[in-house]
Amino acid sequence: MGRLREIRASGNEFGQLVHRAVNYILDDEEAYRRFLLDGNLAMNNNAIERCFRHIAMGRRTYLYAGSHKAAENIAFIYSLVESSKLNHLNFGEYIEDVLNRVVEEGEDKVDFSTLIPCNYQPKAVDSKVSAA
């Protein structure tokens, strides 16, 4: 980062585009250091941007959700669908299992924290049923 500080101090000697890039890195130095030290961090947020692209494209339609509560429900479902995708879950199978568990166990006895996509474990299939 020392060389970048030298380039920043030199003004536009290296050109305006280089100067802008150096300022961009130095303005968020902590994030860049973390990125360079942790190979698991993505260089960009394109995966998240792709998840929400369809939401941005449908904004005009969402103005007609009907009510604020309906709009909140739409946002909840979108979040659930996209979280399922990120956790490699088939949304149809996931939501069917979750709804069945809530009905079978009762809403007051279900630990909902185990049912969110990042913590979800599919219900074990009974081997006697699957052999039939």
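Here is a short conversation about helix α7 and its surroundings in a predicted model.

Reader: What should I know before we start?
Author: This is a predicted model, where local features need pLDDT of at least 70, side-chain atom pairs count only at pLDDT 80 or more, and totals for chains, interfaces and linings use all residues. Residues are numbered from 1 along each chain as its sequence is written, and side-chain values use heavy atoms, with hydrogens and water left out.

Reader: How many residues does α7 have, and how far does α7 reach?
Author: Helices here are DSSP runs (H or I, at least four residues), numbered from the N terminus. The expected span is 1.5 Å times one less than the number of residues, which gives 27 Å for α7. With its 19 residues, α7 comes close to that, and from first C-alpha to last it reaches 27 Å.

Reader: Is S84 buried or exposed, and why?
Author: S84 sits in helix α7. Buried means under 20% relative accessible area, exposed over 50%, and partly exposed in between (1.4 Å probe, protein chains only). S84 counts as buried because its relative accessibility is 0%.

Reader: Which residues is S84 in contact with?
Author: Contact means heavy atoms within 4.5 Å. If we leave aside neighbours within four places in sequence, the partners of S84 are L89, F91, Y94 and P117.

Reader: Which helices help to cover the buried residues of α7?
Author: The buried residues in α7 are L80, E82 and S84. Their cover includes α4 (46–51), α5 (53–57) and α8 (91–105).

Reader: Which residues make the nonpolar surface patch with L86?
Author: L86 belongs to helix α7, residues 68–86, and is partly exposed because its relative accessible area is 46%. A patch takes residues with over 30% relative accessible area and no salt bridge, joining like charges within 9 Å and nonpolar side chains (Val, Leu, Ile, Met, Phe, Trp, Tyr) within 5 Å; a salt bridge is a side-chain nitrogen of Lys or Arg within 4 Å of a carboxyl oxygen of Asp or Glu. Areas come from the Shrake-Rupley method with a 1.4 Å probe, and for residues only the protein chains shown count as cover. The patch covers about 260 Å², and the partners of L86 are I48 and F52.

Reader: What separates the C-alpha atoms of S79 and F52?
Author: S79 is in helix α7 and counts as partly exposed, at 38% relative accessibility. Along the chain, S79 and F52 are 27 residues apart, yet the separation of their C-alpha atoms is 9.1 Å.

Technical notes: Helices (H or I, at least four residues) and strands (E, at least two) are DSSP runs, numbered from the N terminus.
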